[in-house]
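Me: I'd like to go through this one piece by piece, starting from the empty spaces and ending with the strands. Shall we?

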Amino acid sequence: RTAAAAERSIRMQRVTAALAIALTAPEVAEIAIAEGVPAFGAADGVVYFRSADGESLTLAAHTGLPEETLDDYATLPMDAPLPLPDAVRNRKEILLESREQALERYPHLRHANARAVSDAWIALPLVSRDTVLAGMVIGFKEPRRFTDEDRVFGETLARLCAQALERARLYEEAQQATRTAEAANAAKSQFLATMSHELRTPLNAFGGYLELILMELRGPITQEQRVDLERMQRSNRHLSKLIEDLLNFAKIEVGHVTFNVTDVDVQDLVVDLSEMMRPQCQAKQISVSVPISGQVIARADAERLRQVLMNLLGNAVKFTPAGGHVSMWCEQSGAETRINVRDTGPGIPANQLDEIFAPFVQVGRRLNAPGEGVGLGLAISRELALGMGGVLSVRSALGEGSTFTLTLATGGNDG
């Protein structure tokens, strides 16, 4: 008996280890049969899953039984006067120690018993969190007097299988939630991409006609009309920029942005961009400084790098009040090249430094401020930085302005 108990303990450890790595309900059922039946020293076994509506049991795994028996009992109604439905309904194991005992309790099983390969059975409900998930029947070749050890072993096996089924259910729910979220995200991105593309066409036409009218190719216009048309033109450009941001964000989301990372002269790009932004800065009476530090080579996609720096510089100008200052400079140390954009704007609260890189987020956003964007510039910039193998970070404090830093790999080391 001691040797048998030791062997049963070893088998139970194998069952436990196997169930611990099962990810799906069918895997749990197969392990319960493949490991649980021999662990019990039994001849055959079946596992049935309970249906979602709780009205039936469906065969999930089996061993040692004739096919004709399986065909007849592929599905068991929950109200059927059979051992397993009985055990599942009452949430309690049923022990049948001989064919005579089985026939006495379930007389209509006489035909099935005639074909049975076993002479004793134990039916186990698999219960987790007060919910019966499945049922299991284990058959023995000879009549058997079930001991307390048998009962404990059966209860332990049933509990382990039920826990594994619950884990599998939770895993499948998590997987399904992930698939649903990914599908929804893809649908959203596709919608944004489609709408952005469709909106750009009429906007481009609108902008073109505005240009024709302002050039007086359609006839002379008054000064008042010119002022109104220029306002319309500015609004059109602003809306086009918002749509372009949406389109870029959608492309990034669905992975349609490609990167051609090469050596890029960052210092020349910084000087060029600062000159492009100088008229806007002068209009707001903002001073701009770009310290010259010689040639600085970084590994980047030139087009994407220009887009990121334009976003950073545009934000710096937008949030810096009149009389403020914007500076842009490069630093290089070993394997890293850093491009910094600093402003003397209001700064960003410490608890919002991470949030500003999330899509559609703007610090201090006002719904009645038509000049503001949709909060995609920094989200796009960070994703583009990552795509180039870089990092976009920020240092800021309220009342002290902000410094955005794009860190890239240093170039010019190809030998």
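**Cavity, pocket, sheet**

Me: Which elements each supply at least two residues of the lining of the second largest cavity?
Reply: It's a predicted model, so to speak with cut-offs: local features need pLDDT of at least 70 and side-chain atom pairs pLDDT 80 or more, while totals for chains, interfaces and linings use all residues. Numbering runs from 1 along each chain as its sequence is written, and side-chain values use heavy atoms, without hydrogens and water. A cavity is a set of points on a 1 Å grid over the protein atoms alone where a 1.4 Å probe fits but can't get out, and lining residues have an atom within 4 Å of a point. Going by DSSP runs (helices: H or I, at least four residues; strands: E, at least two; numbered from the N terminus), the suppliers are α8 (223-253), α10 (302-319) and α11 (377-387).

Me: And what volume does the second largest cavity have?
Reply: Its lining is N248, I252, V257, R304, Q307, I380 and L384. The space filled by probe spheres set on the points, joined across faces, edges and corners, comes to about 40 Å³.

Me: Which element gives the most to the lining of the second largest pocket?
Reply: A pocket is an open set of grid points with protein on both sides within 12 Å along at least five of seven lines, and the second largest has about 300 Å³. Of its 14 lining residues, the closest to the centre are A25, F49, L133, L165 and R169. Two or more residues come from each of β1 (44-50), β6 (131-140) and α7 (148-214). With four residues, the top contributor is α7.

Me: Is L65 buried, partly exposed or exposed?
Reply: L65 sits in the loop between β2 (56-63) and α3 (67-72). Leaving out residues up to four places away in sequence, L65 touches D44, G45, V46, L70 and V117, where contact means heavy atoms within 4.5 Å. Buried is under 20% relative accessible area, exposed over 50%, with partly exposed in between (1.4 Å probe, protein chains only). L65 has 24%, so it counts as partly exposed.

Me: What is the bridge partner of L124 in β6?
Reply: The open sheet of six strands runs β3-β2-β1-β6-β5-β4 with antiparallel pairing, where a pair needs at least two DSSP bridges. Its edge strands are β3 (75-77) and β4 (94-96). Nine bridges join β5 (residues 120-128) to β6. Across in β6, L124 is matched with M136.
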